[in-house]
Structures are given as structure tokens and as C-alpha cells.
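Visitor: Could you take me on a close look at one part of this structure, the aromatic rings and their partners?

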Amino acid sequence: MALKATIYKADLSVADMDRGYYGDHNLTIARHPSETDERMMVRLLAFGLYADPALSFAKGLCVDDEPDLWQKDLTGAIERWIDVGQPDEKWIRKACGRADEVVVISFGRASDVWWNGVKDKVARLGNLTVWNLDSDIAPALAALTKRTMRLQCTVQDGQVWMTDGTETVVVEPKRLMGPQVG
């Protein structure tokens, strides 16, 4: 018998001073059985960084040709494709061919090894932005995990504060490639 996804609910208030975006999002997040709390919370952080009414969680790990998050226009064209982790170079190329903008947010101890292996192969992809999170960020975000979460995400001057009202995680994503968020 196959394991089912675990459902999490998040009320995420976003105040992005860098982009001038402010919004409240009631999110349902399906955590794949093989996904860790760390990865799920990095997906939630990615939502906060790129929050938009049209941004949504895709099937990600469950489907071979979908990202973790995507933003589509009214015609169904993919405006923004967001993956977290360390996708291979072929996956990144495929994404860049399908979407106007592709964002990869890498995290974990192996991020540097992954980036050194793919950076020359993806250097010419003009619609790709790659961010890296310090290795202590994903575990700190995972500590905020609850089945029902009420979180505030504040973005200012390239820093992100994710808080549940009690604990706050300060994130300074390092841009490895591409333009600034926005």
C-alpha cells in the first residue's frame, strides 16, 4: 500500500518591502512521504520570497514534469518555475525551456558540491536564478513546523524573517546566479 501525503495548513502573511508586495495566503501544503520537514519549509520560504496571488504549489516530487511551485498566467503559460533542492542540469534546462523565469533554491550540506558541478553547464541560461541557503537555515525553519501554522514572512533589503510569533528565523539567501528577487 502506497503512503499518502501528509497535509499541512499555513496562514502566511507576507510583507515584502523589496517588491512592495503585501498579502495573506491560506495555503495547503502536501508533504510527500519521502519529503522532510526541512524541504517542505524551504518550499514555504520560497512561496514567501516570490509570493503572488497566482503562485501555487505544484505536485513537485509526485510528478516528473512539475516544479515545487509555479506561477501561471491566465492562458496557462508558466511565468515562474521554482524548485528547491539540487536539481540536475538536464532538469534545469528543461525548466528554462518551459518557463519565462526559473528559480532554484538550494539548501543543505551538499549545496556547494552540487553548485560546483552544474554552474558551468547552466551559466548561459538567461532566465535562471539560483539561491543558496546557509546549512543551518533549513533545520531552523523545520523547527517552526506544525500541522497548522500561522506564520509571518517579512522581506527587506535581501533578508527574510520567518516567524510564528514565538520563534524567528532570519534568512539571508545568497544569490549564486541571476537577477535579484523581484
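How many aromatic pairs does the count come to?

Guide: Happily! This is a predicted model, in which local features need pLDDT of at least 70 and side-chain atom pairs count only at pLDDT 80 or more, while totals for chains, interfaces and linings use all residues. Residues are numbered from 1 along each chain as its sequence is written, and side-chain values use heavy atoms, with hydrogens and water left out.

The count comes to 4 aromatic pairs. Rings of Phe, Tyr and Trp (its six-membered ring) pair if their centres lie within 6.5 Å; planes under 30 degrees apart are stacked, over 60 edge-to-face, and the rest tilted. One of the pairs joins Trp81 and Trp91, tilted at 55 degrees between the planes and 5.7 Å centre to centre. Trp81 belongs to strand β5 (residues 78-84) and Trp91 to helix α2 (residues 89-98), so this pair ties together parts 10 residues apart in sequence. Helices (H or I, at least four residues) and strands (E, at least two) are DSSP runs, numbered from the N terminus.

Trp81 is buried, at 0% relative accessibility. Buried means under 20% relative accessible area, exposed over 50%, and partly exposed in between (1.4 Å probe, protein chains only). Trp81 and Trp91 also form one aromatic cluster with Trp70. Over the face of Trp70 lies Lys72, 3.9 Å from the ring centre. For such a charge over a ring, NZ of Lys or CZ of Arg must be within 6 Å of the ring centre and within 35 degrees of the ring normal.
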